[in-house]
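Q: Please go through the model below with me, taking the charged pairs before the overall fold. Where a classification rests on a cut-off, I would like that step to be spelled out.

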Amino acid sequence: MQYFFQQVINGIGDGAIYASLGLALVLIYRTTNIANFAKGEMATVSAYLAWQGISAGLSPGWAMLIAIVLSIVIGIVTYLLIVRPVQYKDELTIIIVTLGLFLAFNSFSGAIWGFLQMSVPSLFPQANLGIGTFRLSADLLGTIAVLIAISASMYGLFQRTRLGIALRASASNATSAKLVGIPFTAMMAAGWGLAAGLGAISGLLVAPKLTLDPNMMGSIIIYAFAAAVVGGLTSYRGAVVGGSVVGISQALSMAYLPWLGSDLQILLPLLLIVAVLVAKPEGLFGSTVVARV
Amino acid sequence: MNVLELKDVSAGYGRIPVLHDVSLTVAEGSVAVLLGANGAGKTTTLRAISGMVRYRGRILLDGQDLRGLGPDQIARRGIAHGVEGRGTFTDLTVEDNLVVGAFRRRDKAQIAVDIEQVYTLFPRLRDRRKQKAGSLSGGEQQMLAVGRALMLKPRVMLLDEPSLGLAPVIIDDLYDALQRINRTTGTAMLIVEQNANLALEIAHDAYVLETGSMVLSGTAVDVAADDGIRAAYLGH
């Protein structure tokens, strides 16, 4: 039993990372109605920016902060230059464009920083906290704390601020948003910027755990999509719950289904996506879109 | 003094012309009604005013030319456009719809007062303040659309077929409310209607569009007395 709960706790730690990237996916989907497949690769670039800062002699904290800010700028520019012209084209076009962005960011990382694996220090100390017989690493607690901080600030932003309500209104009805005076394009760009900032945070959480290389986020993005889809791709709460579900189920499958091997573990989130989509196509927390005629 | 003035406005979609040299004015504090059959260009006229379609000619708000401004900039200058089909933010709550309606304003305390005023005007919105706007009935959504337009504290309010799809008793309530709003706040209005009777009752001036051209204009009383109009729009 103790082993089981230890696995659950570890799973929540990984789940927090999927959730933070899942939140970024939901944010982009809600503001611009686009499933951004390049989200993971953008997060990888963010992690490289932090690495670059640290190599240049900055403290890890400052390097990461600067990387997050630069990532927000990259997100805004990407929206304005590449996404905006195709935003209202058909879905296939948009999917191809985000897959193009995936390749572009991936190659960009490779071209600038190469394909050697690099290491990024963790912000959290290498300590363990023992509660009873459980072992909680500082890294795990830190990751969860970051997710809670992100969720709380997003809630505050969307529910309590003028920018937040303008973002929600723009996502809800573009024409009406303009007609109440909301600068719509700026809101879309802000959505992409914020999502890029969130993605950067998840990249910075992942990089110290794995090693930094251009394909670092390859499997993480799939888990994050699984998290977001479990939550319906439109629900922030859903992305957080979905991330935990995916993280926990992944940890349990590694512990109890070792014969799957590390390569096949990725099947589990995919099975989850399929199961959710079959049972409840709008996701566990999603709201059905009802068109009024 | 005219709040809103259209001078020889022509507009269309792509190469298809819809409006031909349309001119109209809305005086400070007055209600103007724009009548016409389906396809006469009423909605296009409103869309030109709020910057949603390109046009030739001039559109002036308080004497200032609006040419070149986008819909959001025009809204921030004080034109509130309630679109046909209501255009509420369906997945925001009723109260958030009203809050976002005041986006151009910074006077937080007064915004709260004005939300209360909207609730006084439409008590059913107060009962449903925490509900998503998408869950409201058609009549309630129309009230919300009017309430949201009011929250902008507009110089002029454009309303596109506010009575569309509503039960007659609710239409009466709505027009009562519009008249009360006009009298107590002095908000100028330009109302597009197919259902001319009620609109003419509260309007000061009336305009009639036919296939994109203005065929008649005058005081609401004169237009209501016009034989052609009576036959075409008033059904008696």
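A: This is a predicted model, and a suitable place to begin is Arg168(A), whose relative accessible area is 14%. Because the buried class takes in residues under 20%, Arg168(A) counts as buried.

Q: With which residue does Arg168(A) form a salt bridge?
A: The pair crosses between chains, starting from helix α6 (residues 162-172) of chain A and ending in helix α3 (residues 94-101) of chain B. The closest N and O atoms lie 3.0 Å apart, and the partner on chain B, at 15% relative accessibility, counts as buried. That partner is Asp96(B).

Q: How many residues apart are Lys209(A) and Asp139(A), which form a salt bridge?
A: The closest N and O atoms of Lys209(A) and Asp139(A) are 3.6 Å apart. This pair links distant parts of the chain, with Lys209(A) in helix α8 (residues 184-209) and Asp139(A) in helix α5 (residues 138-160) of chain A. Lys209(A) is partly exposed at 35% relative accessibility, and Asp139(A) is partly exposed at 22%. Along the chain, their separation is 70 residues.

Q: Which residue of the pair Asp72(B) and Arg76(B) is buried?
A: The two side chains meet in a salt bridge of 3.6 Å, N to O, and, being 4 residues apart in helix α2 (residues 71-77) of chain B, they are separated by about one helical turn. Arg76(B), at 35% relative accessibility, counts as partly exposed. The residue with a relative accessible area of 14%, and therefore buried, is Asp72(B).

Q: How many salt bridges does a search of the whole structure find?
A: The search runs over all chains, and one of the pairs is that of Arg168(A) with Asp96(B). The total comes to 14 salt bridges.

Q: What is the radius of gyration of chain A, and how does the value compare with the globule rule?
A: Chain A comprises 12 helices and 2 strands, and its C-alpha trace spans about 60 × 50 × 35 Å along the principal axes. For 293 residues the globule rule gives 19 Å, and the value for chain A is close to this, so the chain is as compact as a globular protein of that length. The radius of gyration is 19 Å.

Q: What percentage of the residues of chain A count as buried?
A: Chain A exposes about 13400 Å², of which carbon and sulfur atoms supply 70%. Among its 293 residues, the buried share is 48%.

Key. Residues are numbered from 1 along each chain as its sequence is written. Chains are lettered from A and ligands numbered from 1 in the order in which they are written. This is a predicted model: local features need pLDDT of at least 70, side-chain atom pairs count only at pLDDT 80 or more; totals for chains, interfaces and linings use all residues. Side-chain values use heavy atoms; hydrogens and water are left out. A salt bridge is a side-chain nitrogen of Lys or Arg within 4 Å of a carboxyl oxygen of Asp or Glu. Buried means under 20% relative accessible area, exposed over 50%, partly exposed in between (1.4 Å probe, protein chains only). The radius of gyration is taken over C-alpha atoms; the globule rule is 2.2 Å times the number of residues to the power 0.38. Accessible areas come from the Shrake-Rupley method with a 1.4 Å probe; for residues, only the protein chains shown count as cover.
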